[in-house]
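Here's a walk through one model, written for someone who likes to check geometry for themselves. Keep the viewer open while you read.

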Amino acid sequence: MKGYGMIKVGEHGWLEKEKPTFGPMDALVRPIAIAPCSSDTHAMHGGSGPKENLILGHEAVGEVVEVGALVRNFKPGDVVVVPCCTPDWNELGVQQRGANNAHDMGPMKSFKFLSSKDGVFAEFFSVNNADANLVLLPEGVSVDAALMTVDMMSTGFYGVEMADVQLGDSVVVFGIGPVGLMAVAGAKLRGAGNIYAIGTRKNCAELAKEYGATDIISYKDGDLVQQILEKEGGKVDCAIIAGGSAESMNQALMLVKNNGTIANVNFYDVTDTFNIPTYLWGLGMSDITIRGGFCPGGAYRIKKMLNLIQAGRIAPEKLLNYQYEGFDKIQDAFTVMDEKPRDLIKPVVHIKWD
Ligand SMILES: [Zn+2]
């Protein structure tokens with residue numbers, strides 16, 4: 001079968017590989033819509049280690065082709081939403097108290113498509129633990145909207161959950177790429193008061209406003225921290241880091257009140273370093289909580305995201321501003337994700353099979 005991915009570090013292209021095998025609890029799926037992600041291009045450039053001959057892609061809505069003998073809830077022809085994170089629910093790690101199921105066997109180990117097997121930019125891909133991971137596309141939810149739940153919404157909202165945004169809180173969101181935009185929307189749904197969204201790209205800023213940002217903060221207008229402190233008349237309750245550099249952590253520490261929370265969902269590079277003067281963290285006495293995490297996966301998580309769409313609370317498909325039609329266009333969509341033109345928010349490829 002054909003798939004698109006990394007030939008080696010720094011080189012992407014079409015790959016010819018065997019159709020994936022799947023176990024008795026798994027499903028074989030073919031994509032009907034996929035979205036390239038900065039994690040895919042990050043991996044292609046070597047950001048997650050020296051990989052080669054690997055099909056990329058981890059955001060998909062698909063059609064079930066075959067299921068293993070023990071799969072009860074799905075059959076060939078079902079249209080399914082595929083979480084980017086597909087935990088192995090038989091692993092004890094998932095059952096740990098308070099566990100984030102993204103890390104069933106170690107850091108991010110449920111992020112299987114990119115880390116331990118071929119991804120969804122393929123004629124076929126396998127999904128482990130199909131009954132516990134897949135979700136039928138619900139009535140009234142478009143393929144595009146569903147596609148944006150599997151990573152963008154789940155990750156942006158995880159930032160909001162980690163930051164523990166409360167009614168009336170003032171929140172700063174660093175970065176208004178697709179994840180930051182979903183963090184803005186999630187903070188609004190959680191009842192935030194002021195939402196300061198940091199970014200410069202015009203169409204992203206417009207969408208941030210639409211999703212609930214009260215203020216757009218640009219470095220072009222002066223020091224980010226000073227601008228927010230002035231507008232707020234003091235510090236904020238929480239910050240969500242969904243973009244920027246390691247320096248964003250220091251800015252967040254300057255912005256968040258004692259007892260506040262900083263939640264990070266930004267994927268740093270192995271070469272990045274936090275350089276935090278201790279006074280920014282109250283010499284260790286600030287009671288500011290710093291959290292970072294990877295979005296949980298599985299069917300229950302994604303159903304919650306889909307519920308919000310069904311109830312008309314959020315329209316995440318607005319992120320998809322580069323549209324492509326046909327399997328062969330995965331190459332163009334991946335290339336645009338890699339080149340990141342200024343107006344790109346998120347690309348999508350719709351695929352029809354004969
Ligand atoms: Zn992604």
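The notes below go through the metal site, the sheets and a few helices.

## What you're looking at

First, a caveat: this is a predicted model. Residue numbers count from 1 along the chain as its sequence is written.

## The zinc site

Which protein atoms hold the zinc ion? The donors are SG of Cys-37, NE2 of His-58, an OE of Glu-59 and an OD of Asp-151, and they sit 1.9 to 2.3 Å from the metal. Angles between the 4 donor atoms run from 97 to 126° around the zinc ion, so the arrangement comes out tetrahedral. The cut-off behind that word is that all angles must lie between 85 and 135 degrees.

Along the chain, the donors follow the spacing C-x20-H-E-x91-D. Cys-37 is in the loop between strand 3 (27–34) and helix 1 (38–44), while His-58 is in the loop between strand 4 (54–55) and strand 5 (60–67), so this pair ties together parts that are 21 residues apart in sequence. Both Cys-37 and His-58 are buried.

## A three-stranded antiparallel sheet

Strands in a sheet pair through backbone hydrogen bonds, and they can do so parallel or antiparallel. One open sheet here has 3 strands in the order 2-1-4, with antiparallel pairing. Strand 2 (11–16) and strand 4 are its edge strands, each pairing on one side only.

Strand 1 (residues 2–8) and strand 2 run antiparallel and are joined by 6 bridges. If you want one pair to click on, Lys-2 has Glu-16 in strand 2 as its bridge partner. Lying across strand 1 and strand 2 is helix 12 (residues 330–339), which runs at about 160° to strand 2.

## A six-stranded parallel sheet

Another open sheet has 6 strands, in the order 11-10-9-12-13-14, and its pairing is parallel. Its edge strands are strand 11 and strand 14 (289–292), and each of them pairs on one side only. From one strand to the next, the twist averages 20°.

Within this sheet, strand 9 (residues 171–174) and strand 10 run parallel, with 4 bridges joining them. Val-171 stands opposite Ile-195 in strand 10.

## Helices 8 and 9

Helix 8 (residues 202–211) has Cys-204, Ala-205, Leu-207, Ala-208 and Tyr-211 buried. Those residues cover an arc of only 165° around the axis, which puts them on the same side of helix 8. What covers them? Helix 7 (178–189), strand 10 (195–198) and strand 11 (215–217) are included in the cover. Right after helix 8 comes Gly-212, which has a positive phi near 130°.

In helix 9 (residues 224–232), the buried residues are Leu-224, Val-225, Gln-227 and Ile-228. Looking down the axis of helix 9, these fall within an arc of 165°, so they line one face of the helix. They pack against strand 9, strand 10, strand 11, strand 12 (236–241) and helix 10.

## Ser-248 in helix 10

Is Ser-248 buried or exposed? Ser-248 belongs to helix 10 (residues 247–255). With a relative accessible area of 4%, Ser-248 is buried, since the cut-off for that word is under 20%. Leaving aside residues up to four places away in sequence, Ser-248 touches Phe-174, Ile-241 and Gly-243.

Note on methods
This is a predicted model: local features need pLDDT of at least 70, side-chain atom pairs count only at pLDDT 80 or more; totals for chains, interfaces and linings use all residues. Side-chain values use heavy atoms; hydrogens and water are left out. Buried means under 20% relative accessible area, exposed over 50%, partly exposed in between (1.4 Å probe, protein chains only). Helices (H or I, at least four residues) and strands (E, at least two) are DSSP runs, numbered from the N terminus. The arc is that of the directions from the helix axis to the C-beta atoms. Contact means heavy atoms within 4.5 Å. Donors are N, O and S atoms within 2.8 Å of the metal (3.2 Å for Na, K and Ca); water is not among the atoms, so sites may look incomplete. Four donors count as tetrahedral if all angles lie between 85 and 135 degrees; four count as square planar and six as octahedral if opposite donors are over 155 degrees apart and all others between 65 and 115; anything else is irregular. Two strands pair if DSSP finds at least two bridges between them. Axes are lines fitted to C-alpha atoms, for helices over the stretch in contact, and angles run from 0 to 180 degrees between N-to-C directions.
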